[in-house]
Amino acid sequence: MVYLDNAATTYPKPPSVIGKNAYALVNYGANPGRAGHRLSMETAEAVYKAREICGEFFGAKTENVCFMLNCTEALNTAIKGIAEDNCHFVTSDMEHNAVLRPLTALSKENRGISFSTAEVNDSDDQTVENFARLIKPNTKAIVCTSASNVTGRILPYKRIAELCNKRGICFILDAAQGAGVLPISLSNGINIICAAGHKGLYGPMGTGLMITDGKYRLKTLIEGGTGSASTDPVQPEFLPDRFESGTINTAGAIALGEGIAFVNEKRMSAVYEHEWQLCNYACNVMRKIEGVILYGGFSRNNAPLFSFNIRGRGSEETASVLSDNGYYLRGGFHCAYLAHKKLGTLETGTVRFAPSVFTTKGEVNGFLRTVKRIAEK
């Protein structure tokens, strides 16, 4: 089995992450911050250490790191939390449904909320200008991805952050495909970072992060027990408690901290370079295979993933044949309607190639030989 679906979830997980997750399930079985007994306090300390690792990785204060179930929950919390009546958002035409659907839902609530979609093209200058041109007096936030989960195109998110800072509007970054391979930090001028724990951070599924600089107050999506201010019927204002109602995925959060420690040990720049070189090599070979269609190009403006099709076959059919040959890739629409509309692949979808730090060139060569055989048929 050769797993090449790492843009969805990285697999395998590092042994250290597996070990930490198992250790946490056995040794940290109490609710953190919910009791004064020793086991609860030890569990709370382990969660705090993981929170501290996450904060340092993204340039945030420890208390401003909020554990979520996934990036989708984080994005919904940020987008709906900052929305107000008659406000306006700007997003891009490469967004995941985790951004598009919350914005669409808000626009249908009869609250006067609207959003505009900026075109992403090959020029970063033009892309930034496209965002700037859509800003209105009532624009509350720009929400966009760090990198497309379909083509890997990296958006000029640092420059978009500068634009937001100059205009006095919030910048929310979907870091699902960027966290762990791209330099993403609050120091870039980003106000809210939403990240998946189970992708480039090598944590378990069921983990995510919403990290904020604290500049913008967000309304809550849910309220409940936080282990703090329990005699007050009003949800706490302070972080992270405000957005961590109920028991968090304690073992997952602790293991996520270990995943980030793994990325730090490997060095993020080295992880990116390894994965990017494999993608670049695969693209160069596939361009020479008759019948293969590549989408979006591939350059240093790309995160390490790309999409393709084989002429005459649907993407899911191609993915199924690859799976039968031991190569696991995702075919379909990747929960990204806007990106496929832009690419003209709403009828076929695409097959997505996404290596990890564990992928070898030998595995990629085997995949390429299989693609060639499928295309020749």
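Start by colouring the whole chain by burial: in this predicted model, buried residues account for 56% of the 377 residues. Next, switch on the molecular surface. The protein exposes about 15900 Å², and carbon and sulfur atoms contribute 50% of that area.

Go to the cartoon view and step through the secondary structure, which consists of eleven helices and 13 strands. The radius of gyration is 21 Å, close to the 21 Å that the globule rule gives for 377 residues, so the protein is as compact as a globular protein of that length. Turn the C-alpha trace onto its principal axes, and the span reads about 70 × 55 × 30 Å.

Now display contacts. Of those in the protein with a separation of 6 or more, 68% are between residues 24 or more positions apart.

Select the charged side chains. There are 40 positive and 36 negative ones in the protein, and the centres of the two sets are 4 Å apart.

For a single residue, select helix H2, residues 38-57, and pick out Arg51 within that helix. Is Arg51 buried or exposed? Arg51 has a relative accessible area of 9%; buried means under 20%, so Arg51 is buried.

What is Arg51 in contact with, leaving aside its neighbours within four places in sequence? Select Thr62, Val65, Cys66 and Phe67, then add Pro240 and Glu244; Arg51 is in contact with each of these six residues. Keep helix H2 in view while doing this, as Arg51 lies in that helix.

Notes: Residues numbered from 1 in each chain as written. Predicted model: local features only at pLDDT ≥ 70, side-chain atom pairs only at ≥ 80, totals over all residues. Heavy atoms only, no water. Helix = DSSP H or I, 4+ residues; strand = E, 2+ residues; numbered from the N terminus. Rg over C-alpha atoms; globule rule 2.2 N^0.38 Å. Buried < 20%, exposed > 50% of the residue type's maximum accessible area, 1.4 Å probe, protein only. Contact = heavy atoms within 4.5 Å. Areas by Shrake-Rupley, 256 points an atom, 1.4 Å probe, with all protein chains shown as cover. Lys, Arg positive; Asp, Glu negative; His and termini not counted. Charge placed at Lys NZ, Arg CZ, Asp CG, Glu CD.
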